[in-house]
Amino acid sequence: MNKLLVANWKMNPTTAREAIKLAKASNHKNVVICPPFPFLNAVKKNITAASLGAQDVFWESPPAGGGAYTGEVSPAMLKNAGARYVIIGHSERRRYVGETDGMINKKVLATLFAGLKVILCVGEPKAVRKNGLAAAKAFVKKQLLADTRGAHGKLIVAYEPVWAIGSGTPDDPKDTAEMARFIRNLLKSSKIDVVVIYGGSVTSKNIGRIMSYGEIGGALVGGASLHSHEFKTMIQIVSHKK
Ligand code: PGA
């Protein structure tokens, strides 16, 4: 299977012009570009090979399509805008917006129901990882079981240890591979078909090593996806791995 590269632009860039430039440079069949909402349309129009993703979604999905939810965006709107993927439960949303596992679970269900692919983010904070990989597994298990309650079908789980995001220090790929196996086994008994990808300080320097593990199905890239030269190098490395 091809490895998936998810470009999570977070709250960047500031203009549609920059977004288009970056999208064109990131246009590859193994890539999912997740721009901020205002640029979904512009990015969609300028990619031919990459897929479009969103960074968040709302859980209410009224049959009529819309509803009185100020500021929110529904799965149906994202689908109509050409998105195929949605990132849900990123640690920055858990932290800054106070998203709970209950909210994330509702988002996962609404998004799957709409026929979009979910990229569900889970991962432990530093205080937990200090106690070892077993403690991290217990933390991730709790998040995953709560976030996927009642879900079935295909799911992409992004294992993103919170301490590795934007820190310049990625997880040890050996540990990531073990966590990926753990996550797959955990969801085996449910009706979920899972691909595990990794996120947290992935760059062109370390992506080759991380992707050399068969258990790791791709990467969720934040900071490095904003630099077109760097991201192109990463695409090249990943497209040679199967
Ligand atoms: P990073 O972010 O690549 O900048 O560490 C990853 C993420 O938060 O998804």
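1. Start at Gly222 in this predicted model. A polar backbone atom of Gly222 sits 2.9 Å from an oxygen atom of the ligand. As for how much of the ligand is covered, the protein hides 94% of the 280 Å² of accessible area that the ligand has on its own.

2. Now turn to the side chains. Lys10 places a polar side-chain atom 2.7 Å from an oxygen atom of the ligand. For His90, a polar side-chain atom is likewise found 2.7 Å from a ligand oxygen.

3. Which residues surround the ligand? Besides Lys10, His90 and Gly222, the list has Asn8, Glu160, Ile165, Gly166, Gly200, Ser201, Leu220, Val221 and Gly223. Try finding each of them in the structure. Sorted by class, this shell contains seven polar, three nonpolar and two charged residues.

4. Next, the cysteines. How many disulfides does the structure hold? The count is zero. As a reminder, a disulfide is a covalent bond joining the sulfur atoms of two cysteines.

5. Why is Cys34 not bonded to Cys121? The Cys121 sulfur is the closest cysteine sulfur to that of Cys34, but the 9.3 Å between them is too far for a bond. A disulfide would need the two sulfur atoms within 2.5 Å. Seen from the other side, Cys121 is in no disulfide either, and its nearest cysteine sulfur is that of Cys34.

6. Finally, are these cysteines buried or exposed? Cys34 is buried, because its relative accessible area is 0%. Cys121 also counts as buried, with 2% relative accessibility. The cut-off for buried is under 20%.

How values were computed
Residues are numbered from 1 along each chain as its sequence is written. This is a predicted model: local features need pLDDT of at least 70, side-chain atom pairs count only at pLDDT 80 or more; totals for chains, interfaces and linings use all residues. Side-chain values use heavy atoms; hydrogens and water are left out. A residue is near a molecule or strand if one of its heavy atoms lies within 4 Å of it. A polar contact is a pair of N or O atoms within 3.5 Å; within protein, one must be able to donate a hydrogen and the other to accept it, and residues adjacent in sequence count only if both atoms are side-chain atoms. Accessible areas come from the Shrake-Rupley method with a 1.4 Å probe; for residues, only the protein chains shown count as cover. Ala, Val, Leu, Ile, Met, Phe, Trp, Tyr, Cys and Pro count as nonpolar, Asp, Glu, Lys and Arg as charged, and the others, Gly among them, as polar. Buried means under 20% relative accessible area, exposed over 50%, partly exposed in between (1.4 Å probe, protein chains only).
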